[in-house]
Protein chains: 2
Amino acid sequence: MASTKMSASLDGLDPLEHMSKSDTIRLRKRLVGESCKLFFRSDPLKIVRAEAQYMYDEQGRAYLDCINNVSHVGHCQPDVVAAASRQLSVLNTNNRFLHDNLVLCAQRLTDLMPEPLSVCFFVNSGSEANDLALRLARAHTGHQDVITLDHAYHGHLSSLIEISPYKFNMIPGHQQADWVHVAPCPDVYRGKFRDCDHPGEDMGALYAEEVRALCDKASARPGGGVACYIAESLQSCGGQVIPPDNYLREVFRHVRAAGGVCIADEVQVGFGRVGSHYWAFQLQGEDVVPDIVTMGKPMGNGYPVAAVITTRAVADSFRDTGVEYFNTYGGNPVSCAVANAVMQVIEDQGLRGHAKEVGDHLLERCRALQQRHALIGDVRGVGLFVGIELVTDRAARTPATAEAQHVLSRMKDESILLSSDGPDRNVLKLKPPMVFSMQNVDTFVDVLDEVLAELEDLDGDLAEPVNGHHVKTNGTNGTNGVNGHRGKATA
Amino acid sequence: MASTKMSASLDGLDPLEHMSKSDTIRLRKRLVGESCKLFFRSDPLKIVRAEAQYMYDEQGRAYLDCINNVSHVGHCQPDVVAAASRQLSVLNTNNRFLHDNLVLCAQRLTDLMPEPLSVCFFVNSGSEANDLALRLARAHTGHQDVITLDHAYHGHLSSLIEISPYKFNMIPGHQQADWVHVAPCPDVYRGKFRDCDHPGEDMGALYAEEVRALCDKASARPGGGVACYIAESLQSCGGQVIPPDNYLREVFRHVRAAGGVCIADEVQVGFGRVGSHYWAFQLQGEDVVPDIVTMGKPMGNGYPVAAVITTRAVADSFRDTGVEYFNTYGGNPVSCAVANAVMQVIEDQGLRGHAKEVGDHLLERCRALQQRHALIGDVRGVGLFVGIELVTDRAARTPATAEAQHVLSRMKDESILLSSDGPDRNVLKLKPPMVFSMQNVDTFVDVLDEVLAELEDLDGDLAEPVNGHHVKTNGTNGTNGVNGHRGKATA
């Protein structure tokens with residue numbers, strides 16, 4: 001094949017571009033597997049640079065980023081970039097050699113964990129972390145069975161697709177493995193047990209009882225037995241679900257009684273995002289401690305680094321299998337330098353407290369919006385992990401799927417990047433970089449307010465064309481003011 | 001837990017150290033899973049910096065690196081470091097946004113592949129690549145069964161341990177899955193069919209016939225059917241095995257006749273290491289083309305980036321399952337900038353041709369050594385992928401396992417990093433950074449010559465202490481001259 005020769009000097013191109021957007025799209029379509037989807041497929045974004053909570057397209061237009069939890073301490077955070085660059089120029093090798101960055105990172109992480117979570121394994125991605133967690137659980141318990149939640153997504157690997165209903169339910173003819181047991185997602189708004197149907201009850205215990213029943217089922221299976229329960233501490237793909245009080249405490253009790261271990265998947269929600277605590281499982285009480293915690297995305301602010309932290313007992317069981325665990329890049333000096341820098345920035349900038357303050361403001365303003373827009377059925381969240389569930393009928397809680405998709409599209413027109421999730425894709429999902437400001441909250445809510453008002457004007461008829469209808473705010477060029485922030489990274 | 005507060009200013013520490021080596025060891029033992037093994041366990045190395053083909057410990061001692069194939073274009077290669085640092089400071093986000101680095105990387109990679117290998121998937125590690133390759137193969141064929149080689153290692157993930165006899169044979173009580181079929185490793189020196197027992201025969205066809213028989217077995221299994229054959233194009237962990245001519249051609253024919261696809265694992269051996277070609281499968285002939293190629297380690301020179309390249313037909317089958325494939329860091333602008341820089345350096349510095357030239361010299365000098373040392377049973381390799389198999393009896397080809405371990409230890413004393421592999425750990429394994437020089441070859445062979453002579457003097461009695469016995473060469477401080485090269489990165 002002939003290479004397309006194009007240089008940055010072509011007229012009209014951003015200096016960070018090598019080709020026109022149409023050429024990028026053409027090459028992508030030809031050369032990259034179509035299973036890899038783009039955001040906004042009909043009109044995807046070409047982003048050429050980013051800073052803090054803003055992303056910039058090839059025309060210099062700024063977008064307010066409400067979705068990139070990976071860029072945890074802000075896109076291109078200078079301390080993190082400097083730490084990576086410095087270490088890349090000095091040494092980048094594997095963990096079969098001793099290195100201080102590795103042990104300092106392990107020390108820092110375990111210092112942030114409750115006892116007895118004290119032993120680390122370093123890997124490259126949240127998926128690798130969850131896969132290793134399953135191996136640890138099976139080595140420790142001698143059991144095979146896994147209890148997972150409905151709508152869960154734990155990663156793109158074969159072993160994780162098998163325990164991710166979010167994915168395997170989409171595969172025609174998928175045969176759920178006999179060692180996989182799916183418990184209801186503890187979603188008190190839309191799940192099996194709804195708060196409105198069980199007033200005053202212990203919803204946590206109610207949902208946990210479902211897990212207990214699956215423990216019995218797994219234990220009764222010939223050759224079966226509970227290896228582990230695995231769940232995100234707050235379910236993200238399932239629709240930004242906050243489990244009810246007492247849920248994890250009861251679940252952990254049942255799972256341990258059945259001889260299994262408990263895995264908290266903190267890949268999306270760890271590192272202070274929830275504001276009040278560093279890890280989301282801690283929201284359920286100081287006495288609620290998993291046996292294995294997995295972490296990833298925010299840990300490297302975009303650099304591929306992830307980890308599994310477990311107890312000495314579990315780590316020793318894995319060691320006793322006699323099989324070495326070697327991960328080529330896991331715990332290399334660069335990835336550990338990056339993770340150490342990310343944790344330092346969280347501390348130096350007080351980002352955990354900031355997430356609480358800004359998140360509280362976001363929840364408060366969204367709840368005020370809920371009073372004025374019937375489309376908003378539920379507002380839930382902790383810190384900078386927030387879901388806004390849209391419904392066409394509040395009493396019936398009917399998912400407003402088309403409306404949610406329309407909101408995303410209109411928010412993009414207004415230079416705000418937002419996504420939706422949940423089984424009905426009707427939950428607007430916010431998990432922005434942690435430097436998201438009070439002013440960003442106000443911009444977001446003001447624009448959402450107007451977009452919802454438009455939708456209500458449409459009387460639900462989404463077939464009617466609304467593109468080109470721009471909200472009039474304080475911005476230039478018909479946008480909402482996001483572009484007024486160019487160059488001002490943090491507020 | 002209280003943090004250990006230590007700073008770089010402590011007396012006597014290298015400026016790149018944060019604590020003494022003994023503290024690093026103590027923290028590592030306490031905080032990192034013991035399944036993660038160190039090189040030279042009784043006296044591990046603390047490496048604080050590296051450049052080109054040299055690594056430096058905390059005392060400034062230089063080691064000649066014969067083993068780090070990940071640092072493909074040389075440790076801390078400046079162009080690669082600059083590309084990473086530059087892109088890290090501008091944008092590092094996921095592939096749901098369009099970016100030129102991604103499509104340029106895909107274009108470059110597919111330009112290096114024979115038709116019809118034309119569609120890319122980007123991931124973080126060779127393990128992730130091999131796991132995805134299995135998913136692609138199964139989606140395309142609708143079959144489950146995998147044919148793998150004895151002694152194979154394809155990665156640390158659950159799905160890959162199941163097809164890696166190198167690992168699963170070590171697990172007490174491991175139950176090989178019924179969809180896994182293990183073919184003999186095509187090792188004509190020590191394998192099922194030895195060249196000495198089959199003079200003049202088509203060894204490739206002989207070993208391939210074993211794969212054909214397994215295809216029949218898989219197809220006959222209730223619910224079975226061949227999804228794929230997977231093998232490293234040159235088996236590394238199996239002992240630096242070079243398959244005989246005609247092997248892959250015949251294997252691919254049998255596997256395709258059974259409805260399976262063929263996966264070439266180039267994670268260790270790709271990107272020009274074999275010298276004469278860019279990919280090792282090409283050694284078997286221009287007409288030998290896999291359906292799926294996986295690549296990793298050298299691709300990012302230490303930065304976690306890997307890829308799967310396949311045909312349009314296989315990629316379309318995967319797309320048609322309807323399941324999105326999303327990999328958080330896969331194909332991000334930084335990893336693609338790094339991969340593009342690595343490929344540019346290989347081209348600019350002519351490293352593929354260099355690998356052939358230096359590799360030929362290495363093989364020639366090792367074969368000359370074989371004439372003088374009965375311990376060397378076999379010397380094999382292509383380019384900078386070389387194995388030296390030690391035996392205590394040439395006729396019986398008895399593995400010299402203890403001797404090989406002794407050689408590694410003595411080479412380390414002489415500041416040369418070498419490892420061994422193969423089922424008997426008696427194959428000295430060289431896969432150095434590609435900037436390894438002619439002079440490095442001479443240093444390596446001269447030292448090996450003297451170490452083997454020592455061993456022969458010992459009459460095989462390895463219980464006798466030999467530490468402290470230093471080879472006298474042209475170096476200073478009792479070393480072999482490696483430290484004379486400090487600061488001179490390439491020859």
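Colleague: How many salt bridges does a search of the whole structure find over all chains?

Modeller: In this predicted model, the search returns 68 salt bridges over all chains. The rule asks for a side-chain nitrogen of Lys or Arg within 4 Å of a carboxyl oxygen of Asp or Glu. One such pair is A:Lys29 with A:Glu34, whose closest N and O atoms are 3.1 Å apart.

Colleague: Are A:Lys29 and A:Glu34 exposed or partly exposed, and which network do they belong to?

Modeller: A:Lys29 is exposed, at a relative accessible area of 55%, whereas A:Glu34 counts as partly exposed at 23%. Both are linked in a network of salt bridges with B:Arg312, B:Asp316, B:Arg319 and B:Asp320.

Colleague: How many salt bridges does the rule find across the interface of chain B and chain A?

Modeller: Across that interface there are 6. One salt bridge between the chains is formed by B:Glu34 and A:Arg312, with the closest N and O atoms 3.8 Å apart. B:Glu34 sits in the loop between α1 and β1 of chain B, and A:Arg312 in helix α9 (residues 312–319) of chain A, so the pair joins two chains. B:Glu34 is partly exposed, with a relative accessible area of 25%, and A:Arg312 is likewise partly exposed, at 28%. Another salt bridge brings together the side chains of A:Lys46 and B:Asp100, at 2.7 Å from N to O.

Colleague: How should the size of an interface be read, and what is the buried area here?

Modeller: Interface size is often expressed as the accessible area lost when the parts come together. Chain B and chain A bury about 9500 Å² between them, and 58% of it is on carbon and sulfur atoms. In terms of contacts, 105 residues of chain B touch 105 residues of chain A. The two chains also have 46 residue pairs in polar contact, counted where both residues are at pLDDT 80 or more.

Colleague: Which element gives the most to the side of chain B that touches chain A, and which classes of residue make up that side?

Modeller: Elements that give two or more residues include α1 (21–31), β1 (47–51), α4 (126–141) and α9 (312–319) of chain B. The most comes from α3(B), with 9 residues. By class, the side of chain B that touches chain A has 49 nonpolar, 33 polar and 23 charged residues.

Colleague: How is a helix such as α3(B) to be read, and why is it described as largely enclosed?

Modeller: An α-helix has 3.6 residues a turn, so residues three or four places apart point the same way. Helix α3 of chain B covers residues 100–111, and its 12 residues reach 16 Å from the first C-alpha to the last, close to the 16 Å expected. Because 9 of its 12 residues are buried, α3(B) is largely enclosed by the rest of the structure. Among the buried residues are B:Asp100, B:Leu102, B:Val103, B:Cys105, B:Ala106 and B:Leu109.

Colleague: What covers the buried residues of α3(B)?

Modeller: The cover includes α1 (21–31) of chain A. From chain B it includes α2 (78–88), β4 (117–123), β9 (292–295), β10 (306–311) and α10 (333–348).

Colleague: Which residue pair forms a salt bridge from helix α3 to helix α10 of chain B?

Modeller: B:Arg108 pairs with B:Glu347, the closest N and O atoms being 3.2 Å apart. This pair links distant parts of the chain, with B:Arg108 in α3 and B:Glu347 in α10, 239 residues apart. B:Arg108 is partly exposed, at a relative accessible area of 23%, while B:Glu347 is exposed, at 55%.

Key: Residues numbered from 1 in each chain as written. Chains lettered and ligands numbered in written order. Predicted model: local features only at pLDDT ≥ 70, side-chain atom pairs only at ≥ 80, totals over all residues. Heavy atoms only, no water. Helix = DSSP H or I, 4+ residues; strand = E, 2+ residues; numbered from the N terminus. Expected span 1.5 Å × (residues − 1). Buried < 20%, exposed > 50% of the residue type's maximum accessible area, 1.4 Å probe, protein only. Contact = heavy atoms within 4.5 Å. Buried area = accessible area lost by both parts, 1.4 Å probe. Polar contact = N/O pair within 3.5 Å; in protein donor to acceptor, adjacent residues only side chain to side chain. Nonpolar A, V, L, I, M, F, W, Y, C, P; charged D, E, K, R; others polar.
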